[in-house]
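User: Hi! I have a model open and would like to talk through its sheets, helix packing and a few backbone details. Could you take me through them step by step?

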Amino acid sequence: MLALAAPILVFGLVIFVHELGHFMAAKLTGVYAPRFSIGFGPALFRKRRGETEYVLAVLPLGGYVRMASRHDAEAALLEGGSEEGSTLKPGDVGYDPDAMMPFGPKPIPEHRWFESKGLPARLFIMVAGVVMNVVLAWAVFVVINLRYGEPVVPSRVIGSVEVVPGAPALAALQKGDTILQVNGAPVRNWNQVAEQFASSKGDTVAIVTNRANVRVPVGGAGQPTANDVFAAIDVQLPPVIGDIVPGSPAAKAGLQAGDSIASIGGVPLLGWSDLLERVSASAGTELRFEIVRAGKLVPFALRPESTTVRDAVTKQPRVVGRIGAYNASITAREPMPFGRSLTAGVEQTWGMGGRIVDVVRGLLTREVALNQLGGPIAISRASVAAAKSGLEALLGLIAMLSVNVAVLNLLPIPILDGGQILLNIAEAAKGAPFSMRTREYILRVGLVVILMIFVLSTFNDLKALLSRVFAHA
């Protein structure tokens, strides 16, 4: 039941909210919307209220809105179901002699068609779904913040330091140092360290540790920014695995969440940063791990796979080794006031959107491997895992998927909102609509692109699923 209910709740809610945005915008602008459907396929329940029929269909994974459009066949495909030939006739169940088509004989007034509206109104309708997804993510983050508080990293200990160009003073910081102050302000955890760097406004960042006072010039010619300096300093985290990526070298080798990595190649690890350094520098090279599991020392052999990433400091792509393991969380919780939860929700939504944009950009520039793209099976598995982990994880997944849907729908691909927005702007600039043949070609291109993405993501899902099956066989 969980495997069935969790994906329906998560993905269904996200898509439903998206379509609700289009529906509300259509109503506000006066566009006739004869149907709002929750789900796809045969109807389980249908009821007309006013001029709209509300439908609950067999497959409740999202929904669609039908709007009066001159491009009926295209709009039907875009909105998830065709209304062609569905106009009711006298004697049919639901026929209303006083209703507009398709429920009755009355024609749809000219001013109620989608194409009759000006460009601003059409753009408003098309972007409303994305806006609703952003609002949903923000609202979910606010609920998480109020219910569970702010996650903080209670450590102030430095795990690693990278001396970036233009900041030789960073060499005075060492692994194991404890940060006491940043720019004269005392800090109690790593979150406060990050906040002080982000709010730094001078031409120098002053860092006080238990060993030394370090002043790093920033913002000048050839000098890094305060954010670059912070990115060069990592917090000390224990070398304990929190999660494993399916199909990754770590998964294939048999590593598990909760394993503590004692050494690599016989060299003890003091923290997670030591693990990252060894693995990053060993792409394609077999490493000997010693893992503490249930109080016993267990040997493993792993070969990190080569992955191209963008360096957080230099912003340049570089090839590193990755084993597909995430560190265990050491965060603690502190209560978050209501006002702060609202602004933090904005920051979290914006930050997640930025990370998703970076992933999309990485896929286009080959900096992110295409095998990282997940599809419906991955979403289902993530939904079930989140539901098992608790309400906070489930809410977090809803927020993440909602931002995903918002960002991906803005891609300039025909049949997505972004492609439709560009198409309408192009028609406005042209001064006339494109021909039906041109629209058909554009639609076909969009369908091919979406189909390719779906096939690739599903292939990745099946490959990861089979890897897990054979790994446990």
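User: In the open sheet that contains β12, β11, β13 and β14, what is the strand order?

Analyst: Happy to start there, with one note: this is a predicted model, in which local features need pLDDT of at least 70, side-chain atom pairs count only at pLDDT 80 or more, and totals for chains, interfaces and linings use all residues. Residues are numbered from 1 along each chain as its sequence is written, and side-chain values use heavy atoms, leaving out hydrogens and water. Strands here are DSSP E runs of at least two residues, helices are H or I runs of at least four, and both are numbered from the N terminus; two strands pair if DSSP finds at least two bridges between them. The pairing in this four-stranded open sheet is antiparallel, and the order is β12-β11-β13-β14.

User: Which strands are the edge strands of that sheet?

Analyst: An edge strand here pairs on one side only. That description fits β12 (267-268) and β14.

User: Which residue in β13 is the bridge partner of Ile-261?

Analyst: Strand β11 (residues 260-264) runs antiparallel to β13, and four bridges join them. The partner of Ile-261 in β13 is Ile-291.

User: At about what angle to β13 does helix α7 run?

Analyst: Helix α7 (residues 272-280) lies across β11, β12 and β13. Axes are lines fitted to C-alpha atoms, for helices over the stretch in contact, and angles run from 0 to 180 degrees between N-to-C directions. On that scale α7 runs to β13 at about 155°.

User: Is Ala-294 buried or exposed?

Analyst: Ala-294 sits in the loop between β13 (287-293) and β14 (296-302), and its phi is positive, near 55°. Most residues other than glycine have a negative phi. For accessibility, buried means under 20% relative accessible area, exposed over 50% and partly exposed in between, using a 1.4 Å probe and protein chains only. With a relative accessible area of 77%, Ala-294 is exposed.

User: Now the other sheet: what is the order of β5, β6, β7 and β8?

Analyst: This is also an open sheet of four strands with antiparallel pairing. Its edge strands are β6 (185-186) and β8 (213-217). The order reads β6-β5-β7-β8.

User: Which residue in β8 is the bridge partner of Ile-207?

Analyst: β7 and β8 form a hairpin with three residues between them. Five bridges join β7 (residues 204-209) to β8, and Ala-206 stands opposite Arg-215. For Ile-207 the partner is Val-214.

User: Which side chains of β8 point to one face and are buried?

Analyst: In a regular strand the side chains alternate between the two faces of the sheet. In β8, Asn-213, Arg-215 and Pro-217 point to one face and are not buried. Those pointing to the other face, and buried, are Val-214 and Val-216.

User: At about what angle to β5 does helix α4 run?

Analyst: Helix α4 (residues 190-198) lies across β5 (179-182), β6 and β7. Its angle to β5 is about 25°.

User: How do α3 and α11 run relative to each other, roughly parallel or roughly antiparallel?

Analyst: Helix α3 (residues 119-148) and helix α11 (residues 417-430) pack at an angle of about 170°, with axes 10 Å apart. Angles under 35 degrees count as roughly parallel, over 145 as roughly antiparallel, 65 to 115 as roughly perpendicular and the rest as oblique. So α3 and α11 are roughly antiparallel.

User: What is the distance from the backbone oxygen of Phe-338 to a polar atom of the side chain of Ser-341?

Analyst: Ser-341 lies in helix α8 (residues 338-364) and is buried, with a relative accessible area of 0%. Leaving aside residues up to four places away in sequence, Ser-341 touches Val-142, Asn-145, Leu-146 and Met-336, where contact means heavy atoms within 4.5 Å. The distance from the Phe-338 oxygen to the Ser-341 side-chain atom is 2.5 Å.

User: Which peptide bond is cis, with omega near 10°?

Analyst: Most peptide bonds are trans. The cis one has its proline in the loop between α2 (72-79) and α3. It is the bond from Met-101 to Pro-102.

Conventions. Polar contact = N/O pair within 3.5 Å; in protein donor to acceptor, adjacent residues only side chain to side chain.
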